[in-house]
Amino acid sequence: MYLEKNIVDEFYFKEKKYLSKPKYTTLLLHKIIKRINYKKSKIKFIDIGCANGAAIYYLKDRFNFQFIGTDVDKRFQNNFPKKSNIEFFCDDIKSKNKKKIYGDLLYCSGVLSLFNDPKKLINGLIERTNQKGKIIITSMLNPYHLDLIIRFRNNLAKENKINGEGWNLHSIN
């Protein structure tokens, strides 16, 4: 099962530098969106697993989109003040019970590795994409025919428990 509070989330919860200096994946996303060349006036852009919202904050001054950020960790909603005109929803892409938010352009960066089975994420994204919508996924992949499914244990924790999903490296084959 996905860890609702993992070490990566803890890093991004505290990290603010990406709000002013975008990561490479955010700059790449900007170029991709420019190449798509949307004619429609109001595109609904959803960042699935938005963390601190760095990609949204970078893009909001460059595109006239309706921006929505979703993350499984509700603490990130504090990064989206009401006056920002950016909506935030606490959402788990795996959940069948949560209210689904649909969009024209769905972006998902660094989330694929949190899934043992990438089809679960991809199917969840397809379910949330409007007709003729687009999905952009950025993730580390490996060129071999093997998926690396990584488990981890917090050696500082009292219990010696191995956790389930996280930090997997899927094959492109």
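This passage describes the overall architecture, the surface and two loop residues of a predicted model.

The protein chain comprises four helices and nine strands, and from the N terminus on these elements follow the order α-α-β-α-β-β-β-α-β-β-β-β-β. Of its 173 residues, 41% count as buried, while the accessible surface of the chain amounts to about 10,800 Å², with 54% of that area belonging to carbon and sulfur atoms. When contacts between residues at least 6 apart in sequence are considered, 61% are found to join residues at least 24 apart.

On the surface, Tyr144, Leu146, Leu148, Ile150 and Trp167 make a nonpolar patch of about 490 Å². One of these residues, Tyr144, lies in the loop between β6 (141-142) and β7 (152-153). The relative accessible area of Tyr144 is 58%, and this residue is therefore classed as exposed, the cut-off for that class being over 50%.

A second loop, between α1 (7-14) and α2 (24-36), contains Pro22. With a relative accessible area of 23%, Pro22 is partly exposed, because this value falls between the limit for buried residues, under 20%, and that for exposed residues, over 50%. Once its neighbours within four places in sequence are set aside, Pro22 is in contact with Leu27 and Tyr58. The C-alpha atom of Pro22 is separated by 10.0 Å from that of Leu59, a residue 37 positions away along the chain.

Terms used. Residues are numbered from 1 along each chain as its sequence is written. This is a predicted model: local features need pLDDT of at least 70, side-chain atom pairs count only at pLDDT 80 or more; totals for chains, interfaces and linings use all residues. Side-chain values use heavy atoms; hydrogens and water are left out. Patches are made of residues with over 30% relative accessible area and no salt bridge: like charges are joined within 9 Å, nonpolar side chains (Val, Leu, Ile, Met, Phe, Trp, Tyr) within 5 Å. Accessible areas come from the Shrake-Rupley method with a 1.4 Å probe; for residues, only the protein chains shown count as cover. A salt bridge is a side-chain nitrogen of Lys or Arg within 4 Å of a carboxyl oxygen of Asp or Glu. Helices (H or I, at least four residues) and strands (E, at least two) are DSSP runs, numbered from the N terminus. Buried means under 20% relative accessible area, exposed over 50%, partly exposed in between (1.4 Å probe, protein chains only). Contact means heavy atoms within 4.5 Å.
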